[in-house]
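Hi,

Here is the structure I said I would pass on. Have a look at it first, and my notes follow below.

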Amino acid sequence: MKVYISGPISGVAAYPQSFEKAVEYLRHLGNEVVDPTTIDPPSEHTKGTTWDYYMREGIKLLMDCDRIYMLEGWEDSEGSTLEHLIALQLHMPCLYEVEDVERV
């Protein structure tokens, strides 16, 4: 299974640790993991805002995945709510960190 991780990034200082933990966990379960925090930064010629750039690149990655894994706090993130909506509309299974009892 190829799983895309979605969670709050903007304004969250500890986001790298949250994504790293999720990557480790999902790989442990045998998944191929797509971590949008590893997207290369925009070039000086990129049009639009930095947020726009990362969202466009992240959505491209999401389209190649089988599932999406929503990190805690995703509901408060504009980008994560957009990724969640896309996944739902495409009937992509959504997994939620807060419901993942195996991690507790």
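How far is the sulfur of Cys65 from the closest cysteine sulfur, and in which residue does that sulfur sit? It is a predicted model, by the way, so keep that in mind as you read. The closest cysteine sulfur to that of Cys65 belongs to Cys94, and the distance is 12 Å, too far for a bond. A disulfide needs the two sulfur atoms within 2.5 Å, and by this rule the count is zero disulfides. Looking from the other end, Cys94 is in no disulfide either, with the sulfur of Cys65 as its nearest cysteine sulfur.

As for exposure, Cys65 has a relative accessibility of 9%, so it counts as buried. Cys94 is buried as well, at 16% relative accessible area. The cut-off behind both calls is under 20%.

Now the strands. Strand β3 covers residues 67-70, and four bridges join it to β1 (residues 2-6), with the two running parallel. β3 also pairs with β4 (residues 94-96), again in the parallel sense, over three bridges. Tyr69 is a handy residue to click on here: in β3 it stands opposite Ile5, and its bridge partner in β4 is Leu95. Between β3 and β4 the chain passes through helix α3 (residues 78-89), and this β-α-β crossover is right-handed.

That's what I have so far. Shout if anything looks odd on your side.

Cheers

Terms used. Residues are numbered from 1 along each chain as its sequence is written. This is a predicted model: local features need pLDDT of at least 70, side-chain atom pairs count only at pLDDT 80 or more; totals for chains, interfaces and linings use all residues. Side-chain values use heavy atoms; hydrogens and water are left out. Buried means under 20% relative accessible area, exposed over 50%, partly exposed in between (1.4 Å probe, protein chains only). Two strands pair if DSSP finds at least two bridges between them. A crossover is right-handed if, with the strands pointing away from the viewer, the path from the first strand over the helix to the second runs clockwise.
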